[in-house]
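Please take a moment to open the model and find your bearings among its chains. We will walk through it together, from confidence to folds to interfaces.

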Amino acid sequence: MSKVYIALQDNDESRYLVEAIQADNPTAEILYMPAMIRIEAQNFLVVKRASVEEVMGRDWDVQEIHLNLITLGGNVDEDDEQLTLTWNQ
Amino acid sequence: MAAKKLNIKDKYRLLTRDLDWEFSYQDRKQAFPFEEFEGIKITDWSQWEDPFRLTMDAYWKYQAEKERKLYAIFDAFAQNNGQLNISDPRYVNALKIFLTGVSPLEYQAFQGFAHTGRQFSGVGARVACQMQAIDELRHVQTQIHAMSHYNKFFDGLQDWSHMHDRVWYLSVPKSFFNDARAAGPFEFMVAIGFSFEYVLTNLLFVPFMSGAAYNGDMATVTFGFSAQSDEARHMTLGLEVIKFLLEQHEDNIPIVQKWIDKWFWRGTRLLTIVAMMMDYMLPNKVMSWKEAWEVYFEEAGGALFKDLARYGIRMPKYADLIEQEKEHISHQAWWTFYTHGHAAGFHTWIPTDEELDWLSEKYPHTFDQYYRPRWELAKAMEAKGERFYTKALPQLCTTCQIPMLFTEMDDPTQIAYRESLYQGERYHFCSDGCKDIFDEEPEKYIHSWLPVHQIFQGQCGGPEVEDILRDYYRMNVGADNLDMKGSPDEARWKLWKGVA
Amino acid sequence: MSIEIKTATLEPVRQTYAHIERRFGNKPASRYQEATYDVQSETNFHYRPLWQPDLELNDPRRTQIVMQDWYALKDPRQFYYGAYVQQRAKMQEVAESNYAFFEKRDLARFLSESAKAQVMTYLVPLRHFEHTANLNNMYGAAYGYGTAITQALLFNGMDRLGMAQYLSRIGLILDANTGESLIQAKHQWLEADIWQGLRALCEQTLVTEDWFEVMVAQNLVMDTLMTDLVYRQLDHKLSESGAQDVGMLLEFMQLWNKEAQRWMDAVLKTTASESAANQTLLTQWVQKWRALAIQALQPLAEAMLDENALAQALADLDKRLAKSGI
């Protein structure tokens, strides 16, 4: 088991993203650092469009995550519905 | 007829992947001539998995939004004289290293990815490289713009481009990227796309930029994080390249492993300068170099290599040595710059007592034993008005071009020296890693433009060091170099802040 | 404690970077200037490229054109990355709303079979032409000299990828997202007689070594002719026959071509006026590629439009050449 992670800029939009991520990844760990929020999980993490739309109350395109993204670790798979990070181990 | 909705993968594939064709009128190999000489075997480019599926219209839209936000902050920063909000004027010296040493690498990355973005005969990989090329141009330009305001109020940033091509310590980053660009297109991708982007740039852009935020530098943290959001795409490309090469042919595995060994070693040597920036040049500390290394290299890199093990790829050679070095390199590097501070384009200083205590706490196994005594000695000499500068020019490692400052890890009081004989000439190295790299491709490395050799050969003017600094490097001697104490930077800061 | 700062103490030490000051004087510089001039490394390269060991990594000798200062080739649009993407974002917003409107109102159903066939036969295969233009501009971005020209070529290359994608979308609109139109278009490109001249010409540019010559062949000769034939004459023909809605899908390319021509003309004018040798070289290249293009495009122009179409396009090219002093 290894950690996948995603780091977001600490801003208003990211707060919604974090809320959605937390809901879909209950075991994920949220770390607040200067100007950034780092979210870690064991082997797998998902950001779901539907969940983000629900907390934001508007349409949200998965590619919009790039506006607030700082970095990530893990194998990335992105489609219309979600972005996933995975380690195959 | 109702159109079926296309998902993003199918849409991207249809819009992009079939643009290419088999030639009928020319030899296609002549249009893509550099794909074979490295020995890499590609059996089917169509197996390429697109890491992200950004079409150009989406790219323009999202990138324009990022740029609007970024430039709004640059404007506000300049209009409000944001430089007054930084924690301490010493901090700006890290930015001087950044602009003279790192930003030109972004430019070389643009050039390198433009090269692969033209040369790969598979359209998927090619387009991914092109998008990285334009992102890299973005990075160098936003960095120039972010530093533009600092340049108006601090010394040492003004001739960054001229300096990058000439100054002794800047040949370290420059030669690193020259090396990658001079290699074949696949080695370039493993060097920069994978080794550098995937693991090593995080160390520069994430903890260091977080440090910029912690030191009140809005302009830098904003470009740093905004750039890093592109980097997430680049990292994914880097990982995709490796997986693709390894899946294409088993003969690729030993070649890729050799490149990984080379470029992780070269990369860790390059990051010595970032280690020093984090431990010594950020007045407000976020985390130590050692801690950053553990999070971003050992943990993240470890997970990565576990993932790659199924292809038969192992951890880079000397990973165990690298692990020991995290306790030492920042201290060894800052001491070297402190003692050569008359010849550097930025200011150096003795850490404050509070900072020395922080270093003792963060480096319990090494700092008090090996490094603190040096600073105590430097403090005593400075108190007597005898600020110490080494007059001799340092000997450089032929491969990484860093002065011989690294020690043996089993004896941190003993400087490490290695050497190789090639065609009757003796070449010197800082480590087994750098010697291995040379021995593998001596014909390449004997052409290195080693700044100290060039000075001795009279290629950089002179005869005095000060003549070289002034005439060849175009430094403003007495303003750009020497100690922070007594510098014009310090004097102006005190004036702005109304302190004596 | 906050201390009020007298404005006098906050006078800048200098107005801009030293290399910008050497060129333009000690005054505040534009973002274009700071992002462009002298950014590319000039000297003291460490290793010769394994893939081209007779030249340096950055080397002005990758073309026969000689410029005393490659930064003379400035971009009249003053595009650095930020200015560029923001300009394109505006254009794509309009294009997006045009494409969305076209799809939502299903304007394709008002197109006659003949109009549809023309779009499929003449417009969609151009995605392969745009792709060639992408490669040719990337070529200059990679091997050209000086940021002024290489960044503009990079932007141009990415634009061409964008336009290849827009043209593909036109196909997808007409084939209800099956991708059938793209297969047909590729078949046209590979097999149909009318396209073989242009395809051969594209392949020839892709194996041409001098990056400046490639730029002239692509961005001046081929683009001028194709722009006039497709985005002016074919657009007009479609519009006259009741297929004016297709024009909405071409607006991006039309605007873009106008803008890109302004840049290319400025670059060529400066290059030609630098020396007689440059002018001779440019003239030779134009003659060579103009002659090749006439041969290549005649069948396409005739089938797509009529026998006079190419002559009109050539007149447009010659007008541009005269303006640029070639």
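**A walk through the predicted model**

Within chain A, β4(A) has the highest confidence, with a mean of 97, while β5(A) has the lowest, at 90. The score here is pLDDT, the predictor's confidence in each residue on a scale from 0 to 100. For chain A as a whole the mean pLDDT is 93, and 100% of its residues reach 70 or more. This is a predicted model, in which local features need pLDDT of at least 70 and side-chain atom pairs count only at pLDDT 80 or more, whereas totals for chains, interfaces and linings use all residues. Residues are numbered from 1 along each chain as its sequence is written, and chains are lettered from A and ligands numbered from 1 in the order in which they are written.

Let us stay with chain A and its strands. Strands (E, at least two residues) and helices (H or I, at least four) are DSSP runs numbered from the N terminus. Three strands of chain A form an open sheet in the order β4-β7-β6, with antiparallel pairing. β4 (44–48) and β6 of chain A are the edge strands, each with a single partner, so one side of each has no neighbour in the sheet. From one strand to the next, the twist averages 10°, with axes taken as lines fitted to C-alpha atoms (for helices over the stretch in contact) and angles running from 0 to 180 degrees between N-to-C directions. Two strands count as paired if DSSP finds at least two bridges between them; β4(A) and β7 (residues 82–86) of chain A pair in the antiparallel sense over five. To see this pairing at the residue level, look for Phe44(A), which stands opposite Thr86(A) in β7(A).

Now turn to chain B, which has 22 helices and four strands. Its C-alpha trace spans about 85 × 60 × 45 Å along the principal axes. The radius of gyration of chain B is 24 Å, which agrees with the value near 23 Å for a compact globule of 500 residues; this radius is taken over C-alpha atoms, and the globule rule is 2.2 Å times the number of residues to the power 0.38. Of the 500 residues of chain B, 57% count as buried, where buried means 20 or more other C-beta atoms within 10 Å of the residue's own, exposed means 12 or fewer, and partly exposed lies in between, with C-beta atoms placed from the backbone.

One residue to visit is Leu157(B), in the loop between α5 and α6 of chain B. Leu157(B) is buried, because 26 other C-beta atoms lie within 10 Å. Beyond its neighbours within four places in sequence, Leu157(B) is in contact with Lys96(B), Leu99(B), Met147(B), Tyr150(B) and Asn151(B); contact means that the C-beta atoms, placed from the backbone, lie within 7 Å.

What does each chain bring to the interfaces? Between chains A and B, the contact takes 24 residues from chain A and 31 residues from chain B. On the side of chain A, β5(A) provides the largest share, five residues.

Between chains B and C, 72 residues of chain B are in contact with 70 residues of chain C. α5(B) gives the most to the chain B side, with 14 residues. By class, that side of chain B has 30 nonpolar, 24 polar and 18 charged residues, with Ala, Val, Leu, Ile, Met, Phe, Trp, Tyr, Cys and Pro counted as nonpolar, Asp, Glu, Lys and Arg as charged, and the others, Gly among them, as polar.

Notes. Contact = placed C-beta atoms within 7 Å.
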